[in-house]
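Biologist: I am new to this structure and would like a close look at one part of it, beginning from a single residue. Could you take me through it slowly, and then set it beside what you find elsewhere?

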Amino acid sequence: MIQLKNLSREFQVGNQVVHALDAIDLSISQGDYVSIMGVSGCGKTTLLNILGLLDTPSSGDYILSGINTSEMNDDEMANIRSTKIGFIFQSFHLIPRLTAAENVEIPMILAGHSQKMRAEKVAKALARVNLTDRSDHRPEQLSGGERQRVAIARSIVMEPEVLLADEPTGNLDSTSGSEIVELIEELNQGGLTLILVTHDKEIGKRSNRVIRLLDGKIIFNQTQQGI
Amino acid sequence: MKFSDLLFLAFSSLIRYPLRTMMLLIATSIGVMAVILLTAVGEGARDYITSEFRDLGTNLIIVIPGKHETSGGGGPADFAGLAPRDLTVEDAISLRQIDTIKAIAPIVLGEMPASFGGFERDVPVIGTTPEFLRVRRWEMREGDFLPGVTLDRSPPVCAIGKEVEKELFGTSRAIGQWLRVGDRRCRVTGIIDSDGRAIGIDVQKIVVMPVSLVTALFNRPSLFRIIAEAESRIYMDQIKKDIIRIIKKRHQGKEDITVVRQDTVMASFDNIFNVLTMALASIASISLFVAGILIMNVMLVAVSQRQSEIGLLKAIGAKNRQISNLFLTEAILLSGSGAILGLILGHSITLSLKTIFPTYNFLPPTWASVVSLFVALICGALFGLIPARRAAKLDPVIALSGEK
């Protein structure tokens with residue numbers, strides 16, 4: 001469902017051109033569990049941003065569900081982000097003034113769904129991450145692991161096809177980190193495509209497929225057996 | 001995104017930063033309040049000046065002693081410090097020869113102690129003729145207004161205001177009693193029912209007596225002014241000329257009076273004070289404008305403070321338009337509630353000023369409230385536009401990379 005063809009992303013830093021991604025070819029199928037690994041600055045976050053349509057490639061094509069995204073305008077990309085893609089970040093990115101339930105509700109508010117439908121789906125998403133009893137708490141009243149669970153609930157409330165996670169356990173202790181990993185793996189087993197950027201070799205080992213980047217190039221791309 | 005959700009999101013960020021919100025509310029409300037207060041003063045002044053003329057009847061011509069030039073300085077007499085020649089009761093009588101004048105009401109003004117029984121108080125005394133009642137459109141509560149009085153006949157009678165009646169006569173019946181005013185005595189023949197003000201004097205506090213009695217009382221022949229009522233509007237300009245001609249002849253050929261038509265005076269006062277009020281309103285609007293710029297500045301800061309939030313909203317599917325709408329709504333919500341706060345403040349301050357200084361008029365005009373509310377809203381929208389655009393244009397990758 002995801003196909004990258006000869007895709008490059010360049011940044012101008014001073015008078016030097018940096019190749020964050022250099023002629024990448026990659027395809028990821030529906031329901032896959034992919035971890036993207038590599039040292040800092042190897043381009044893995046840039047790749048994730050491009051996959052999430054937050055960033056656009058300098059050249060090459062990104063084909064998502066058969067549609068070439070280079071022909072899309074801002075609104076169409078926003079639409080895809082709203083309906084097909086869920087994001088999880090290292091620093092959670094919850095809106096501090098809103099309760100857990102309201103944070104989860106925001107994607108649906110932006111999409112213009114009715115109050116009734118929103119309430120139903122928010123409750124379902126919060127139940128999915130085991131936070132029903134915390135729905136009225138604000139982010140500052142929640143632990144790190146709980147915050148990330150709220151963020152996961154927010155990412156799945158629109159029932160996307162792809163879940164993009166950027167170091168989801170980076171700000172968590174090992175116990176809550178592994179809880180989070182288990183949770184997103186469960187979601188993956190439910191059919192959600194999971195693409196994970198991580199430093200953590202342990203998490204890398206658990207995924208179906210590992211992609212290793214160095215200086216904007218894929219140096220390792222292998223499907224592994226058994227979890 | 002539904003409008004109610006937009007409001008909810010905008011509102012939730014406003015209460016997130018209470019200090020910032022309070023400061024902006026105060027800034028906007030001061031602007032609106034200034035508009036309300038200044039226009040209230042201007043409109044009050046207009047009302048104070050024109051009310052005297054407004055209460056009068058129609059087709060009135062007013063004769064005032066002294067020549068009031070509207071262009072340039074006065075004549076040699078003014079430089080020599082010579083007072084204008086008095087306008088007298090005889091002058092008023094001489095105007096009878098103009099047969100298109102329906103009624104003549106001379107006015108003498110002064111203050112005298114009035115007493116009845118053991119009670120005494122200083123009262124404003126007006127000397128005039130029965131025509132004055134019609135000219136001023138007063139109503140009598142009881143009895144007659146100066147019965148039998150003409151320009152040359154002055155029986156000792158008087159009419160009193162309601163407050164004079166209450167304070168001097170208490171519960172006893174005033175009609176038919178002898179009231180002492182200065183060194184004269186006159187029989188009370190009527191109680192004036194009207195309230196409000198005439199020539200700047202509270203009608204409820206006055207004693208009205210025959211004109212010649214009052215000139216004798218103050219030992220001074222000069223009239224405050226003469227009011228003449230024309231048979232019809234079409235004669236007014238001719239009457240004006242005739243009055244000047246007749247009085248000039250009586251005053252040894254010197255034109256030492258001013259004759260004005262009540263309707264034109266009223267119209268020009270109205271004009272002057274409308275311009276004044278508009279000028280005050282525009283000065284006050286500057287503070288509204290300043291408040292708008294303040295909103296813009298603070299919103300610009302808010303956009304950079306909330307970069308990561310904007311990035312997140314984009315990541316979860318917000319369109320550029322939704323982001324800019326969100327910030328625009330915040331700006332309009334701020335300026336709108338600031339304006340409403342200002343309206344409440346402005347109106348309550350004018351109300352309390354009214355109770356503290358009942359003799360001054362503070363009349364905040366309705367248009368000032370409406371206009372200042374709209375100007376505030378438009379300011380909010382216009383000045384909110386730039387920050388809203390900037391928020392919408394933010395690159396989500398850069399916005400998200402900023403750590404919270």
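**From one residue outward**

Modeller: B:Thr350 is buried, because its relative accessible area is 3%, and the cut-off for that word is under 20%. Please keep in mind throughout that this is a predicted model. The residue belongs to helix α11 of chain B, which covers residues 320–356. When its neighbours within four places in sequence are left aside, B:Thr350 is in contact with B:Leu37, B:Ala40, B:Phe362 and B:Pro364.

A second residue of chain B makes a useful companion to this one, namely B:Phe374, which is found in helix α12, residues 366–393. B:Phe374 is partly exposed, because its relative accessible area is 49%, and that word is used for values between 20% and 50%. Together with B:Val370, B:Ile378, B:Leu382, B:Leu385 and B:Ile386, B:Phe374 makes a nonpolar surface patch of about 560 Å².

Turning to chain A, we come to an open sheet of six strands, whose order is β6-β7-β8-β3-β9-β10 and whose pairing is mixed. Its edge strands are β6 (85–88) and β10 (217–223) of chain A, each of which pairs on one side only. On average, and with direction ignored, neighbouring strands of this sheet are turned by 15° against each other. At the β10(A) edge, strand β9 of chain A, residues 209–214, runs antiparallel to β10(A) and is joined to it by six bridges; among the paired residues, A:Leu214 has A:Lys217 in β10(A) as its bridge partner. Helix α5 of chain A, residues 144–156, packs on the sheet and touches β6 and β7 (162–166) of chain A, and its direction makes about 170° with that of β6(A). Helix α6 of chain A, residues 174–189, lies across β3 (33–37), β6, β7 and β8 (193–197) of chain A, and runs at about 150° to β8(A).

Chain A also holds a hairpin, formed by β1(A) and β2(A) with two residues between them. Strand β1 of chain A, residues 2–13, and strand β2 of chain A, residues 16–28, run antiparallel and are joined by nine bridges, and one of the pairs links A:Phe11 with A:Val18 in β2(A). In the turn, A:Gly14 has a positive phi of about 60°. As a general point for reading both pieces, strands of a sheet pair through backbone hydrogen bonds, either parallel or antiparallel.

Methods
Residues numbered from 1 in each chain as written. Chains lettered and ligands numbered in written order. Predicted model: local features only at pLDDT ≥ 70, side-chain atom pairs only at ≥ 80, totals over all residues. Heavy atoms only, no water. Patch = residues over 30% accessible without salt bridge, like charges linked within 9 Å, V, L, I, M, F, W, Y side chains within 5 Å. Areas by Shrake-Rupley, 256 points an atom, 1.4 Å probe, with all protein chains shown as cover. Salt bridge = Lys/Arg side-chain N within 4 Å of Asp/Glu carboxyl O. Helix = DSSP H or I, 4+ residues; strand = E, 2+ residues; numbered from the N terminus. Buried < 20%, exposed > 50% of the residue type's maximum accessible area, 1.4 Å probe, protein only. Pairing = 2+ DSSP bridges. Axes fitted to C-alpha atoms, helices over the stretch in contact; angles between N-to-C directions. Contact = heavy atoms within 4.5 Å.
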